[in-house]
Each structure stands twice: as C-alpha cells, then as structure tokens.
Amino acid sequence: MRLDEADRLLEPGYLDLESGYRRLDDGSLLVASRTPMVACKGRMIDFWFGFVRTTEHYKWWHPKDHVWCDWVGERGTGRYVDGTHRVHEYIGGELMKLKIHFRDPSGYLDVSRFGESGVSTAVCARVGSLDAPVWAGHLIHLVRDTDYGCEMRSRFWLGDTDPPEMAATREARTQLFPDPVGAGLHKHCNEEMAYLAQLLPDLYARETRRP
C-alpha cells in the first residue's frame with residue numbers, strides 16, 4: 001500500500017499487511033503495526049497526543065526507548081495538529097533525533113468516510129531529522145473503537161524525502177532506509193503503543209474527570 005492508497009485503511013476488515021514491514025516498488029519502506037487497546041477509545045488517543053508535553057510524559061510512553069522531547073508550535077490547548085514534536089528515541093538500538101509535524105488527517109485520508117468506516121480518530125504526521133532541514137517519511141495511526149476498547153492500526157512510509165533529491169531513486173531509498181530500520185520501527189511501535197494502552201485509561205479519567 002502506497003501513501004496515495006491510504007484510504008484502503010478505511011475499508012472493512014483488514015489488509016494483507018497489518019503487522020511487519022515491506023519494501024515497496026519504488027524502494028520506500030512500509031511499516032505496519034496493529035495494537036488492540038483494551039478500555040481505550042479514540043477520544044483518549046486524541047487526548048494523549050494533546051497532553052504529552054514533557055520528557056517525563058514521553059518516558060511513560062516507552063520507559064526504555066524514549067529519552068527526551070520538546071514541542072514547537074501548537075501546545076497547551078489540548079490540540080496537537082500543526083505542532084511539531086521534537087524527540088530523541090532509540091529505534092532498533094540506534095538513537096534517533098526526529099521531528100514529527102502533526103497534520104490534519106484530511107491531507108491523507110477521506111475523512112468524510114470516517115463515520116461509515118468506524119474510525120474514531122486518526123493521527124497523521126510528516127517525519128524528518130531533527131538536526132537537518134529535511135523530511136523523510138509519513139505516519140498514520142488510525143483508530144477504530146471496538147467492544148473491548150479500540151484498535152490502533154499504524155502505518156509508516158519511509159522514503160518520501162523533501163528535498164526529493166535526497167533520495168531520488170529506488171537504490172537511494174533502499175540505502176537510506178534498509179530493512180533493519182523497518183524491523184526496529186515495527187518493534188518500537190508495538191512496544192510504545194502497548195505501554196500507552198496500559199497507562200491511558202487511568203490517565204484520561206484522572207485528567208478529564210470523564211470515563
């Protein structure tokens with residue numbers, strides 16, 4: 001599934017790749033993860049991304065891999081779209097210094113289909129290096145509420161660079177994001193969202209006074 005096919009996530013059921021990673025024809029890397037989140041709902045996921053603001057909060061999300069965070073832009077309002085999360089985190093055993101610029105889901109998905117697709121929220125972002133004026137990937141965390149809570153279906157597309165000449169060929173994209181990056185990101189996402197599923201119901205109830 002290419003990024004321009006992201007609306008396939010709105011189809012009923014599941015796709016052929018829900019957990020793992022795959023090399024796309026253009027050399028980009030697609031990483032997929034699915035996390036059942038007991039007693040969580042989409043509104044809690046939105047709350048979390050609007051809540052997390054300190055390194056302490058960030059370490060709750062993954063006590064081992066998450067090292068430091070800061071924000072630029074939207075913050076302190078309960079919103080996160082148009083804000084940029086600046087982070088240091090370990091992925092695949094390597095310290096990554098990243099920026100994650102959150103964008104409106106309508107830039108990636110047909111949001112008019114969310115209701116019929118059972119989608120309760122979607123978190124979308126552009127991802128790049130914190131130490132350079134470049135972008136290299138995209139992410140979508142699509143959430144569907146369930147009878148036990150919700151499920152998060154995460155997708156990462158790595159290799160769509162800005163500036164484009166940073167990785168203009170299949171070989172360049174493969175070299176920039178080799179297979180071990182896919183394996184490391186898959187493992188990291190599985191773990192951090194499992195941590196989040198454990199802490200979020202109590203945190204949400206405490207902070208919002210709502211169940």
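Modeller: A salt bridge here is a side-chain nitrogen of Lys or Arg within 4 Å of a carboxyl oxygen of Asp or Glu. By that rule the structure holds 11 of them. This is a predicted model, where local features need pLDDT of at least 70 and side-chain atom pairs count only at pLDDT 80 or more, while totals for chains, interfaces and linings use all residues. Residues are numbered from 1 along each chain as its sequence is written, and side-chain values use heavy atoms, leaving out hydrogens and water.

Biologist: How do you know that E18 and R153 form a salt bridge?

Modeller: Their closest N and O atoms are 2.7 Å apart, so the pair passes the 4 Å test. E18 sits in the segment before β1 and R153 in strand β8, so the bridge ties together parts 135 residues apart in sequence. Strands, by the way, are DSSP runs of E with at least two residues, helices are runs of H or I with at least four, and both are numbered from the N terminus.

Biologist: What makes E18 and R153 buried?

Modeller: Buried means under 20% relative accessible area, exposed means over 50%, and partly exposed is in between (1.4 Å probe, protein chains only). E18 has 11% and R153 has 0%, so both go down as buried.

Biologist: And why is R79 with E74 called a salt bridge?

Modeller: N to O comes out at 3.9 Å for that pair, so it still fits the cut-off. R79 has a relative accessible area of 43% and E74 has 22%, so each counts as partly exposed.

Biologist: What about E151 and R144, buried or exposed?

Modeller: Buried: E151 is at 2% and R144 at 10%. They form a salt bridge too, with closest N and O atoms 2.7 Å apart. Elsewhere, R2, D4 and E5 are joined into one network by salt bridges that share partners.

Biologist: On to the sheet. What makes β1 and β3 edge strands?

Modeller: The open sheet has eight antiparallel strands in the order β1-β2-β8-β7-β6-β5-β4-β3. β1 (20–23) and β3 each have a single partner strand, so one side of each is left without a neighbour in the sheet.

Biologist: How do you know that β3 pairs with β4?

Modeller: Pairing takes at least two DSSP bridges, and six join β3 to β4 (residues 84–91). On that seam, V72 has T84 in β4 as its bridge partner.

Biologist: Why is H57 called buried?

Modeller: Its relative accessible area is 8%, so it falls under the cut-off. H57 lies in helix α2 (residues 55–61). Beyond its neighbours within four places in sequence, H57 is in contact (heavy atoms within 4.5 Å) with W48, F51 and V52.

Biologist: V67 lies in β3 (residues 66–72); what makes V67 partly exposed?

Modeller: It has 33% relative accessibility, which lies in the in-between range and so earns that label. V67 forms a nonpolar surface patch with Y90 and L95, together about 220 Å² of accessible area (Shrake-Rupley, 1.4 Å probe, only the protein chains shown as cover). Patch members need over 30% relative accessible area and no salt bridge; nonpolar side chains (Val, Leu, Ile, Met, Phe, Trp, Tyr) are joined within 5 Å, like charges within 9 Å.
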